[in-house]
Amino acid sequence: MRRLPALLVAALMLIALPVGVAARVLIVTKRHVGYLHYGSIQRAVNAARPGDWILIDRGVYDGNVLIRTSRLHLRGLNRN
């Protein structure tokens, strides 16, 4: 049996938030994947709404990031 990628598992866990919470999960990755994603952190931040989660896949993402959205959650998936 194939294991789900860590990115997909994390996204599925966040979707299971309590009823009434309208948070979305935005995924940032440079890999070629078959689901909606963003190629840069800034693009995901620009598309985010208050309370959203941004999951950042492993890799090097150059450039500065300006966050103007309140209650935004940023998480890197590679803890190393």
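1. Strand β2 (residues 53-56) is covered on both faces: Trp53 and Leu55 are buried on one side, Ile54 and Ile56 on the other. Buried here means under 20% relative accessible area, exposed over 50%, and partly exposed in between, with a 1.4 Å probe and protein chains only. In a regular strand the side chains alternate between the two faces of the sheet. Helices (H or I, at least four residues) and strands (E, at least two) are DSSP runs, numbered from the N terminus.

2. On provenance: this is a predicted model, in which local features need pLDDT of at least 70 and side-chain atom pairs count only at pLDDT 80 or more, while totals for chains, interfaces and linings use all residues. Residues are numbered from 1 along each chain as its sequence is written, and side-chain values use heavy atoms, with hydrogens and water left out.

3. The protein has two helices and three strands. Along the sequence they follow the pattern α-β-α-β-β. Of the 80 residues in the protein, 28% are buried.

4. The three strands form an open sheet in the order β1-β2-β3, with parallel pairing. Two strands are taken to pair if DSSP finds at least two bridges between them. β1 (25-28) and β3 (73-76) are at the edges and have a single partner strand each, so one side of each lacks a neighbour in the sheet. From one strand to the next the twist averages 20 degrees; axes for such angles are lines fitted to C-alpha atoms, for helices over the stretch in contact, and angles run from 0 to 180 degrees between N-to-C directions.

5. As to the pairings themselves, β1 and β2 are joined in the parallel sense over four bridges. Ile27 stands opposite Leu55 in β2. On the other side of the order, four bridges join β2 to β3, again in parallel. There Ile56 has Gly76 of β3 as its bridge partner.

6. The largest nonpolar core has 10 residues: Leu26, Val28, Ile41, Ala44, Val45, Ala48, Ile54, Ile56, Tyr61 and Leu72. At least two residues of this core come from each of β1, α2 (41-47) and β2. The most is given by α2, with three residues. A core of this kind is a set of buried Ala, Val, Leu, Ile, Met, Phe, Trp, Tyr and Cys residues joined through side-chain atoms within 4.5 Å. In soluble globular proteins, nonpolar side chains tend to be buried together.

7. There are two salt bridges, each defined as a side-chain nitrogen of Lys or Arg within 4 Å of a carboxyl oxygen of Asp or Glu. In one of them, Asp52 and Arg24 meet at 2.9 Å, N to O. This pair links distant parts of the chain, 28 residues apart: Asp52 is in the loop between α2 and β2, and Arg24 in the loop between α1 (6-15) and β1. Asp52 counts as buried, at 0% relative accessibility, whereas Arg24 is partly exposed at 28%.

8. Arg31 forms a salt bridge with Asp57, with the closest N and O atoms 2.7 Å apart. Arg31 lies in the loop between β1 and α2 and Asp57 in the loop between β2 and β3, so this pair ties together parts that are 26 residues apart in sequence. Arg31 is partly exposed, with a relative accessible area of 34%, and Asp57 is buried at 6%.

9. On the surface, Val65, Ile67 and Leu74 make a nonpolar patch of about 210 Å². Patches are made of residues with over 30% relative accessible area and no salt bridge; like charges are joined within 9 Å and nonpolar side chains (Val, Leu, Ile, Met, Phe, Trp, Tyr) within 5 Å. Accessible areas come from the Shrake-Rupley method with a 1.4 Å probe, and for residues only the protein chains shown count as cover. Val65 sits in the loop between β2 and β3 and is partly exposed, with a relative accessible area of 38%.

10. A backbone point concerns Arg71, in the loop between β2 and β3. Its phi is near 55 degrees, a positive value in a residue other than glycine. Most residues other than glycine have a negative phi. Arg71 counts as exposed, at 59% relative accessibility.

11. Leu77 is found in the segment after β3. Leu77 is partly exposed, with a relative accessible area of 30%. The C-alpha atoms of Leu77 and Gly59 are separated by 9.8 Å, the two residues being 18 residues apart along the chain.
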